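Open the model in your viewer and set it to cartoon. The tour below goes from one selection to the next.

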Amino acid sequence: LLCFSGCMDAAEPVMETVADVILEPVAAEPKPMAVWLPDDAAAQTMAEGEAEQCYTWGDCELRLQTMDGGDILATLSKLTGQDPQKLTVMEYERDGLRLYQTVWSMTGEEGITLGRCMVADDGSYHYCISLTSPENADVGEDYAQICASLDLTGEEDTGK
């Protein structure tokens, strides 16, 4: 046994390096958001800058917004003005994005206004499309085409 004990190599000690510098992960920049727009859509000036764009045509208003990701319920509440627990929200995945869609209505002096919104979640940001229109406006196909055309690559020409 004495012979074998001298043959074993001593294990090298494991050292851990400690530094005072804390490395913060760098947050990704939001992606440019582009969608198809109806021919008569006109851009409106917004105070929010590039994080929010507004377009109008007829009595319709389309808003494109980029918000910090994370709490989808807070985002839906901000977009709709409604309690998100009372909304019916469809959730699905497309092109690596988690998508949320809902509809709501509001009653005002000019009658009933319908709202529709879609939120695309890439894990860092919420890319939001919301459309409000009078209840009798036939914009279902336009809204579907706008949502289907969502492009976050900055490369695709969406027609406007």
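Select residues 111-121 and 125-134. This is a predicted model, and the two stretches are strands β6 and β7, which pair in the antiparallel sense over nine bridges. For one of these bridges, pick Asp121; its partner in β7 is His126.

Next, select helix α2, residues 72-80. Helix α2 packs on the sheet and touches β3 (60-68), β5 (97-108), β6 and β7. The direction of α2 makes about 150 degrees with that of β6.

Then move to helix α3, residues 140-148. Helix α3 also packs on the sheet, where it touches β2 (52-57), β3, β4, β5, β6 and β7. Its direction makes about 15 degrees with that of β6.

Now show all the strands. In which order do the seven strands lie in the open sheet? The order is β1-β2-β3-β7-β6-β5-β4, with antiparallel pairing. At the edges are β1 (42-44) and β4 (90-94), each of which pairs on one side only. On average, neighbouring strands are turned by 25 degrees against each other, direction ignored.

Turn on side chains for Leu62, Ile129 and Leu150. Within the largest nonpolar core, of 24 residues, these three touch the most other members. At least two residues of this core come from each of β2, β3, β5, β6, β7 and α3, and β7 gives the most, with four.

Stay on Leu150. Beyond its neighbours within four places in sequence, Leu150 is in contact with Met33, Ala34, Val35, Arg94, Met118, Ala120 and Ile129.

Last, select Met67, Leu76, Tyr100 and Trp104. They are among the 10 residues of another core, which lies apart from the largest one.

Methods. Residues are numbered from 1 along each chain as its sequence is written. This is a predicted model: local features need pLDDT of at least 70, side-chain atom pairs count only at pLDDT 80 or more; totals for chains, interfaces and linings use all residues. Side-chain values use heavy atoms; hydrogens and water are left out. Two strands pair if DSSP finds at least two bridges between them. Axes are lines fitted to C-alpha atoms, for helices over the stretch in contact, and angles run from 0 to 180 degrees between N-to-C directions. Contact means heavy atoms within 4.5 Å. A nonpolar core is a set of buried Ala, Val, Leu, Ile, Met, Phe, Trp, Tyr and Cys residues joined through side-chain atoms within 4.5 Å. Buried means under 20% relative accessible area, exposed over 50%, partly exposed in between (1.4 Å probe, protein chains only).
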